[in-house]
Structure formats: C-alpha cells, structure tokens
Amino acid sequence: MKKVSVECRNICLSYGSTDVLKDINLKVEPGEFFALLGPSGSGKSTLLRLIAGFNHPRQGQLLIDGKDFAQVPPWDRNIGMVFQSYALWPHMTVWDNIAFGLVERRLPRAQIKQRVEAALDLVGLSAMAGRRPNQLSGGQQQRVALARTIVIEPQVLLLDEPLSNLDKNLRIQMRQELLSLQRRLGITTIFVTHDQEEAMTTADRMAILNHGTVQQIGTPTALFDFPDNHFVANFVGSMNILHAKIRDVDANTITIGLGQSPSICISRHQQADIPTSCLTPGTTVSANCRPHHIRIERQAPVDSVDRAWISGTVQSSEFLGEFTRYSIQTGSERITADHPHRAGQSVWPDGASVAVGIDIQQIRIMEASHD
Ligand code: ADP
C-alpha cells in the first residue's frame, strides 16, 4: 500500500470563543511513527480527531498525501482510529469485532475471512477468535482494537492514548508490540500521549503541544538535547533552569557567571541557536542542565576542570533505585541532581553540606524565562 504524508497547515480550531488549536503546522512523513505529546488539555485529542474528520478547522488545511481533506467527512478518509476505550462491541466475538468494518463495506465473504485471519495472526490472537471482549485481558482487548482498525487497511493509523488503560508492565510490552506492528505494516501512524516516556521510546519524531500551540517538533533525542524553550526542556525530561549572567562573549566561547561560582567558559559549538540579543555582557540568561549531569561530592575536587562547583545544602532526597534524586539549595537556586546509586552507598541526609558539580559541556544557554 502507498505510504502517505499527513500535513497540517495553519490549522486553527475553536470551541465557541475558546481557541483550542492555534496555527498548527506540522508534517508527518510517509510511514512515520509520530507522537503528539503534551499535558492534559493541550489540544492533542482535538488535533487527532480533526485528522480523523470528527472535528473541522476554522482555518487552515489538512493535507493527506498532498490533497486537502479538511472538509471531507470521516468515512471518506482512509483513516483508522483506535480509541482510548477500545470501543469493542461487547456482545460480539473477537472475530466478529474484527470483521465488522469489512462486513459494513460489503466485502465478499472469502475476502473477509482471509483478511480477518491475517489480522488475527498479526496480533497473535488466532486462538481467541471465538471469545468475547470480557473474556480477554486488557492487552488482548487492545490487540483486538488494533486488529479491527488495521483490517480495513487504512493509509493512516491514529491512536488516542492507546496504552493508558493498561498497567505499567503491560504498557511497556504493548508499546514494543505496537512499534513492531507499525514497522511491519509501514502505515503512517500518529499517536497521542501525555506520557513522555511512551513518546520517547516509540516515536520517530514528535510534536510537543501546550495550550493548543506546537512548541517544538523533532526526534526524541533532538528535543531532549536541544529544547527550544523552557516548556519543552521541562516536559521532555527534567531540567534545572538556573539564573546566569553573560560576562563575556567571543567567537568560540561564552563566559557566564552562575551564583557564587567563578566564571564558567562554555563552548559556543555546544549551544543551539541563541538570539544574539542574549549574548551581550550583563544580560541575564538561563543556564540549563539536566539532573544527571550534576555530581555531588562532600567537597569540590581541587583538580576539576570539566565541572563548575557550587556549594549547597541537601533539602530532600528520593531514593529511586538506579539513582537518588536530590533537591539542593545553592544560594537562591534550588538544584535537582540525580546521583547514580551503588550497592551499600548511603544517601546524603537532609541538611548535609555538599558541593554540586555541573558538567560544563552539558550546560545549555537559553533566553531568560519571562514566565
Ligand atoms: P488533550 O487531548 O491534550 O488532553 P483536548 O484536545 O481534549 O486536550 O482538549 C483541548 C481543550 O479543548 C481543553 O481545554 C478542553 O477542555 C477543550 N475541549 C475539548 N473538547 C471540547 C468540546 N467539545 N467543547 C468545548 N471545549 C472542548
């Protein structure tokens, strides 16, 4: 089957006087597994339903394979959608649930049989074709919902929080299954989730939404390493956003001051684009670093060249197994640091005086927050 692209151009949608989608621009490439990630209420489901044809934009174009579908009803789009609730028919067997869309389309019996068998095989449920949904586990119901959608051979697959009804272990297993199924079928797939781990582990690329606007689009690693703004920095992983002052700038180096630490020289090459207006000496910027790039010691080592050391006091700690997450007060800033755990190692107690070492190469300069 032909792989198609899905493109939103300047899409705006309002409910009454409330603007829910504001000038959405994004392009999902043919065969791509694309996630819409954002907090609850950010407009993800509204956008997905718009692509499915249940919502219509007030303005803008929805292009599928280059053709505008914004005003085309759902049944005339070759799109399959899996709902959060699965929406299986409780009184029908697995077989009949999967065959339903094909029967409605009045396909010949032999073809229905062949396609349902193939779909059952694809999701590994051939042995359960005679069961009803209430005789299946959550993961199996999820697979029936997928099989029922895939069997109609859509060009685009839309998934609305498809894993959120499953418990944690099953969710991890199912997201791998989902990805491998998507890879085998090669269907352009758009997946809505509020769970950043789910998006990061499955998506080729993702769009981060907040308040109905796209904040940034990119691969999981690009968004994690080079977030465009504070929202993305904190939504894709956690980020320390520290106040800093530009002290000096030359062709290769930006020198900043961070609290009581001596000047820190940062290579310009490790930075994403920073507006030149930020790079005037005296300007307040934010210096961002991830908690796992911060080390904690009793005292700053004397020979440390790759880290900037600040003294602080442990405010609280959470032991999370692989690491302990500390909250440390340093001057007026609260820093979060993830300290890798080794067997037998004790946790720094609250109130302990420590030195916090920030990996200089991992500091990203950004415009100061106006929030
Ligand atoms: P998400 O999927 O990111 O949680 P939604 O797309 O469901 O967000 O909702 C985006 C915003 O639109 C929310 O503020 C929600 O309250 C509002 N909204 C969603 N559906 C409707 C509706 N039918 N009428 C009015 N407002 C709605």
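## Close-up views of a predicted model

**View 1. Strand β16 pairs with strand β19.** Strand β16 (residues 307-319) and strand β19 (residues 353-359) are joined by 7 bridges, and the pairing is antiparallel. The model shown here is predicted. Look for A308: its bridge partner in β19 is I358.

**View 2. Strand β16 also pairs with strand β17.** Strand β17 covers residues 323-330. It runs antiparallel to β16, and 6 bridges join the two. Find F319, which stands opposite T324 in β17. The two strands form a hairpin with 3 residues between them. In this hairpin, G321 takes a positive phi near 90°.

**View 3. Strand β1 pairs with strand β4.** Strand β1 spans residues 6-15, and strand β4 spans residues 59-64. They run antiparallel, with 5 bridges between them. One pair to pick out is E7 and its bridge partner in β4, L63.

**View 4. Strand β4 turns into a hairpin with strand β5.** Strand β5 takes in residues 67-68. It pairs with β4 in the antiparallel sense, over 2 bridges. L63 appears again here, opposite D68 in β5. The hairpin has 2 residues between its strands. D65 sits in the turn and has a positive phi of about 55°.

**View 5. Ten residues are found around the ligand: Y15, V20, P39, S40, G41, S42, G43, K44, S45 and T46.** By type, this shell divides into 3 nonpolar, 6 polar and 1 charged. Which helix gives the most to the shell? Helix α1 (residues 44-52) does, with 3 residues.

**View 6. Polar atoms of the protein meet oxygen atoms of the ligand at G41, K44 and T46.** At G41, the protein partner is a polar backbone atom, 2.7 Å from a ligand oxygen. At K44, a polar side-chain atom lies 2.9 Å from an oxygen atom of the ligand. At T46, a polar side-chain atom lies 2.4 Å from a ligand oxygen. How much of the ligand does the protein bury? Taken alone, the ligand exposes 560 Å², and the protein buries 52% of that.

**View 7. The chain is assigned two domains, domain 1 and domain 2.** The domain assignment gives residues 6-234 to domain 1 and residues 238-367 to domain 2. Their C-alpha centres lie 39 Å apart. How many residues does each domain bring to the contact? Domain 1 brings 10 residues, and domain 2 brings 12 residues.

Conventions
Residues numbered from 1 in each chain as written. Predicted model: local features only at pLDDT ≥ 70, side-chain atom pairs only at ≥ 80, totals over all residues. Heavy atoms only, no water. Near = heavy atom within 4 Å. Polar contact = N/O pair within 3.5 Å; in protein donor to acceptor, adjacent residues only side chain to side chain. Areas by Shrake-Rupley, 256 points an atom, 1.4 Å probe, with all protein chains shown as cover. Helix = DSSP H or I, 4+ residues; strand = E, 2+ residues; numbered from the N terminus. Nonpolar A, V, L, I, M, F, W, Y, C, P; charged D, E, K, R; others polar. Pairing = 2+ DSSP bridges. Domains from an automatic or database assignment. Contact = heavy atoms within 4.5 Å.
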